[in-house]
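Here's a quick tour of a protein chain for anyone just starting out with structures. Keep the 3D view open and click along as you read.

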Amino acid sequence: MTVAATVRPTARVSGDMYALAFRGTGLPFEQIAVPDVVLHHGEALVAIELATICGSDLHTIDGARHADTPLVLGHEQVGRVVALGPGRAPRTVDGRAVTVGMRVVWGVAVDCGRCRYCRLGLPQKCATLRKYGHERMQRGWELSGGFASHAHLLARTPIVAVAEDLPATVLAPASCATATVMAALAAAEGIRRLAGSVVAISGCGMLGLTAIAAAAARGAT
């Protein structure tokens with residue numbers, strides 16, 4: 001007689017969790033209880049330590065950017081892993097296994113890795129791309145943004161483990177504002193060294209202030 005081993009396909013996590021749902025311009029946020037989360041293979045549940053407010057969050061709230069509501073805004077955050085889905089643990093971008101207790105930040109977008117665009121090396125154009133803090137709330141993925149007690153990280157989410165001694169205020173913007181600035185500076189340095197150069201930065205919001213600090217750290221004026 002052959003006995004087939006069965007693998008538990010999901011893991012249910014229960015607890016005192018909630019999300020702040022944006023319901024539309026001019027309307028108050030609504031706190032929605034999320035009593036449990038079902039984690040699938042490659043997924044993780046993270047307790048939010050701190051979330052920062054991106055300019056796109058403000059644009060959505062003001063009505064300058066269209067978004068289907070209700071949704072959980074926020075895509076710049078840092079947190080700690082409190083549960084993992086069944087099977088093989090997800091990996092950080094540098095190949096480490098994600099573990100419960102690990103302090104992490106994560107990328108804004110999740111691609112499928114299988115569609116035509118992903119195979120062409122254009123995951124940002126994925127046919128089924130999902131973005132934290134930008135998607136309408138849906139059953140099974142209520143904790144989809146940073147303005148919540150927890151975040152439900154889907155499989156293939158880019159996860160980065162971060163040091164315990166780095167301030168949350170530095171880490172939270174890394175997912176969007178800091179990443180955007182560092183990519184822009186990397187592109188600029190491909191044309192001209194920043195050290196010894198004069199750099200003009202338009203605007204002193206989160207991105208502008210980060211750009212000033214990063215350019216100065218590279219020796220620019």
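What follows is a short briefing, from the whole chain down to single residues.

Keep in mind that this is a predicted model. The chain has five helices and nine strands, and 41% of its 221 residues count as buried.

**The big picture**

- Measured out along its principal axes, the C-alpha trace spans about 75 × 45 × 40 Å.
- Starting at the N terminus, the elements come in the order β-β-β-α-β-β-β-α-β-β-β-α-α-α.
- Take the contacts with a separation of 6 or more: 69% of them are between residues 24 or more positions apart.

**The sheet**

- Strands in a sheet pair up through backbone hydrogen bonds, and they can do that parallel or antiparallel.
- Here, five strands make an open sheet in the order 8-3-4-5-9, with antiparallel pairing.
- Which strands sit at the edges? They're strand 8 (150-153) and strand 9 (159-161), and each of them pairs on one side only.
- From one strand to the next, the twist averages 40°.
- Strand 3 (residues 44-52) is joined to strand 8 by four bridges, and the two run antiparallel. Look for Leu45, whose bridge partner in strand 8 is His152.
- Over at strand 9, three bridges tie it to strand 5 (residues 103-106), again antiparallel. Trp106 stands opposite Ile159 of strand 9.
- Strand 8 is a nice one to look at side on: His150 and His152 point one way, Ala151 and Leu153 point the other way, and all are buried.

**The nonpolar cores**

- The largest nonpolar core has 18 residues, and the ones touching the most other members are Met17, Val37, Leu39, Leu45, Val72 and Leu143.
- Two elements give two or more residues to this core: strand 1 (10-21) and strand 2 (30-40). Strand 1 gives the largest share, four residues.
- Another core lies apart from this one; it has 16 residues, including Val46, Val110, Ala151 and Leu153.
- What does Leu143 touch, if you skip its neighbours within four places in sequence? Its contacts include Met17, Tyr18 and Ala19, plus Val34, Val37 and Leu45. Ala148, His150, Ala151 and His152 are in contact with Leu143 too.

**Two helices with a buried face**

- Helix 4 (residues 177-189) has 13 residues and reaches 18 Å from its first C-alpha to its last, close to the 18 Å expected at 1.5 Å a residue.
- Ala177, Val181 and Leu185 are buried in helix 4. Look down the axis of helix 4 and its buried residues fall within an arc of 55°, so they line one face of the helix.
- Those buried residues of helix 4 pack against strand 4 (76-84) and helix 5 (206-217).
- In helix 1, the buried residues are Ser56, Asp57 and Thr60. Down the axis of helix 1, its buried residues fall within an arc of 105°, so they line one face here as well.
- Strand 3 is part of what covers the buried residues of helix 1.
- After helix 1 comes Gly63, which has a positive phi, near 90°.

**Backbone oddities**

- As a rule, most residues other than glycine have a negative phi, and most peptide bonds are trans.
- Where is Arg156? You'll find Arg156 in the loop between strand 8 and strand 9. Its phi is near 80°, a positive value in a residue other than glycine.
- The peptide bond from Thr69 to Pro70 is cis, with omega near 0°. Pro70 sits in the loop between helix 1 (55-62) and strand 4.

**One residue on the outside**

- Gln31 belongs to strand 2. Is Gln31 buried or exposed? Gln31 counts as exposed, because its relative accessible area is 55% and the cut-off for exposed is over 50%.
- Gln31 still has company: setting aside residues up to four places away in sequence, Gln31 touches Tyr18, Ala19 and Leu20.
- Gln31 and Leu45 are 14 residues apart in sequence, and their C-alpha atoms are 19 Å apart in space.

Note on methods:
Residues numbered from 1 in each chain as written. Predicted model: local features only at pLDDT ≥ 70, side-chain atom pairs only at ≥ 80, totals over all residues. Heavy atoms only, no water. Core = buried A, V, L, I, M, F, W, Y, C linked by side-chain atoms within 4.5 Å. Buried < 20%, exposed > 50% of the residue type's maximum accessible area, 1.4 Å probe, protein only. Contact = heavy atoms within 4.5 Å. Expected span 1.5 Å × (residues − 1). Arc of directions from axis to C-beta. Pairing = 2+ DSSP bridges. Axes fitted to C-alpha atoms, helices over the stretch in contact; angles between N-to-C directions.
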